[in-house]
Amino acid sequence: MSTPGLMMNRPLLISGILEHGAAQFGEQEIVSRETHGPLHRYTYADAAKRSRQLAHALAQLGLKAGSAVGSIAWNNHRHLEAYYAVSGSGMVMHTCNPRLHPQQLIYVINHAEDEVMLFDATFAPLVKGIAAHCPKVRAWVCLADAANTPAIEGVSVLNYEDLIATHSSDFDWPQLDENTGAALCYTSGTTGNPKGVLYSHRAIVLNATAGCMPDVLNLSTQETILPVVPMFHINAWCIPYAALVAGTKLVFPGPKLDGNSLYELMEAEQVTISAGVPTIWMGLIQHLEQNNLRFNHMKCTAVGGSAMPMALIAKFVDKYGVEVRHGWGMTETTAVATMSSLSRADRQKPAADQHAIVAKQGKAVSGIEIKIVDETGATLPRDGSAQGELMVRGQWIMERYFKAEQSALVDGWFPTGDIATIDALGTMQIRDRTKDVIKTGGEWISSIDLENAAVGHPAVAMAAVIGVKHPKWDERPLLFIVRKPGQNVEKDEILGFLTERVAKWWVPDDVVFLESLPVGGTGKVQKNDLRKEYGGVFS
Ligand code: AMP
């Protein structure tokens with residue numbers, strides 16, 4: 001029989017992160033672009049005090065352990081306070097994606113049974129439209145002071161500052177079981193209703209701690225991090241928690257996510273690390289190029305959510321001296337599950353080889369295991385060429401969807417719906433989503449690889465590839481291109497460019513030039529919209 005260890009059994013709790021941050025790094029700064037007015041600036045200690053005040057206010061509103069509190073909000077300091085106050089009290093912080101269709105938003109608010117809704121003034125028109133359909137929400141709280149809280153016809157609106165003002169800044173956080181539900185996030189769901197993922201305190205604390213590691217986000221008191229990834233998208237990849245674990249200065253961009261605003265904030269606040277989806281970085285790099293600017297402080301950008309094209313990696317590294325960390329994760333994996341970073345040996349390789357390594361989605365972070373399987377569920381070899389469905393398991397991976405009766409697991413592993421390869425050293429590369437891979441003549445074409453190749457053309461700003469039905473080949477690739485401003489590259493040149501870079505049978509059958517690509521609430525290209533409009537039949 002094994003011998004029990006003789007250590008304390010202290011639960012992993014989100015309130016523990018807040019109190020650690022306030023006690024150890026109380027002077028560390030949090031800077032936030034507000035919906036109104038100038039930058040807001042305060043310290044970890046101030047944030048902790050206000051979180052505790054909010055915890056009292058929520059209790060006074062009649063909320064109890066297990067109650068859900070929703071948010072429709074940007075990345076800002078009040079949203080951060082809510083992250084800690086709600087979960088720390090044993091309640092569930094449900095971050096809503098404001099870019100969901102209002103019907104879906106109503107669905108998730110009712111499904112989550114939100115009792116209080118915190119919202120930024122920007123979203124007042126949205127609140128006006130949905131409030132009457134959310135009967136369980138008994139308080140709509142604008143994340144502002146009285147002067148900046150709009151009146152909304154038919155809705156009784158409280159303001160955050162008045163709500164917390166009279167409460168004590170001391171609060172006894174409950175000693176919860178670490179498996180208690182802490183935060184709830186719904187998957188974007190291109191078909192059917194969104195599905196909820198209920199994160200436990202344990203999953204978030206473990207993920208946040210792993211996120212600080214040198215080969216993940218490399219967080220410490222020396223760094224300043226700006227999460228562009230929204231706080232409604234998988235808890236901003238847990239950066240609002242990880243920063244307080246490590247004592248890192250936090251900078252929130254609020255509603256302004258365009259290249260110019262991000263650049264100004266990064267420079268003004270000496271941001272060294274940032275994190276977001278590739279579309280955000282394309283906008284930022286275009287702004288730098290058009291205005292001949294440089295980064296003076298940025299050292300590293302973490303990217304995920306969709307594949308980071310190699311051309312963009314090369315630009316960040318070679319032209320702007322910013323290292324790229326390319327991670328993979330999904331709503332069901334709390335935040336990061338795998339991360340690419342360069343080993344010492346990798347750093348001796350030529351630049352192009354290094355970029356190719358970073359273009360892969362990297363190695364499983366400690367605490368996570370990955371494998372690939374074929375259609376029968378048999379494990380495929382780690383040889384870098386066998387492709388199969390990526391399966392994941394680990395300390396912060398979902399077991400079942402919120403309110404689902406059945407587990408989502410297959411033999412203890414979560415099936416991701418992504419097609420991947422894994423090489424002998426454990427480096428994983430996403431080849432495609434199962435539904436996006438183009439099946440042609442019995443073979444598979446990776447839409448991601450084709451998009452990456454197309455974005456390598458200097459006149460191309462964005463690219464997307466879908467499979468279009470074909471009478472002979474089953475499916476053939478159709479390429480969509482958004483040109484860079486002032487460029488007028490044509491189809492033949494693009495196809496010629498691709499012919500030199502991919503197998504002949506991969507070259508798309510046609511190219512459609514668009515002003516922009518349909519981008520969803522989390523910054524990903526909505527291929528379903530493209531399929532609906534262009535997914536006819538090639539002859
Ligand atoms: P979501 O839950 O909305 O964040 O979507 C998760 C999905 O995004 C994954 O299953 C992947 O298909 C995709 N994804 C996330 N990160 C990457 C990445 N680095 N490269 C390619 N696809 C990614």
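The following questions and answers examine a sheet, a ligand site and the empty spaces of a predicted model.

Q: What makes β14 and β15 count as paired strands?
A: Two strands pair if at least two bridges are found between them. Four bridges join β14 (residues 323-329) to β15 (residues 336-340), so the condition is met. These two strands run antiparallel, and W328 has T338 in β15 as its bridge partner.

Q: In what order do the strands of the open sheet lie, and what is the pairing?
A: Nine strands make up the open sheet, in the order β2-β1-β11-β10-β12-β13-β14-β15-β16, and the pairing is mixed.

Q: Why do β2 and β16 each have one side without a neighbour in the sheet?
A: Both β2 (40-43) and β16 (363-364) stand at the edges and have a single partner strand each, so one side of each is left without a neighbour in the sheet.

Q: How do you know that T331 makes a polar contact with the ligand?
A: A polar contact is a pair of N or O atoms within 3.5 Å. An N or O atom in the side chain of T331 is 2.6 Å from an oxygen atom of the ligand, so this pair qualifies. The protein buries 92% of the 500 Å² that the ligand exposes when taken alone.

Q: What makes the pairs formed by H233 and G305 with the ligand polar contacts as well?
A: The cut-off is again 3.5 Å between N or O atoms. For H233, a polar side-chain atom lies 3.1 Å from an oxygen atom of the ligand. For G305, a backbone N or O atom lies 3.0 Å from a nitrogen atom of the ligand. Both pairs therefore satisfy the definition.

Q: Which residues come nearest to the ligand, and which element gives the largest share of the shell?
A: Of the 17 residues around the ligand, G327, T331, D418, R433 and K524 come nearest. The largest share of the shell, four residues, comes from β14. By class, the shell has four nonpolar, 10 polar and three charged residues.

Q: Why is the space lined by A73 and W74, among others, called a cavity?
A: A cavity is a space where a 1.4 Å probe fits but cannot get out, so this name marks an enclosed space. One cavity of 30 Å³ or more is counted, and the largest cavity has a volume of about 50 Å³. Its lining also includes F232 and L257, and divides into six nonpolar, two polar and no charged residues.

Q: What is the volume of the second largest pocket, and which residues lie nearest its centre?
A: The second largest pocket has a volume of about 410 Å³. Among its 20 lining residues, M339, S341, D346, K363 and T427 lie nearest its centre. The elements that give two or more residues to this lining are β15 and β16.

Notes:
Residues numbered from 1 in each chain as written. Predicted model: local features only at pLDDT ≥ 70, side-chain atom pairs only at ≥ 80, totals over all residues. Heavy atoms only, no water. 1 Å grid on protein atoms, 1.4 Å probe; cavity = no way out; pocket = protein on both sides within 12 Å on 5 of 7 lines; lining within 4 Å. Points joined across faces, edges and corners; volume = space filled by probe spheres on them. Nonpolar A, V, L, I, M, F, W, Y, C, P; charged D, E, K, R; others polar. Near = heavy atom within 4 Å. Polar contact = N/O pair within 3.5 Å; in protein donor to acceptor, adjacent residues only side chain to side chain. Areas by Shrake-Rupley, 256 points an atom, 1.4 Å probe, with all protein chains shown as cover.
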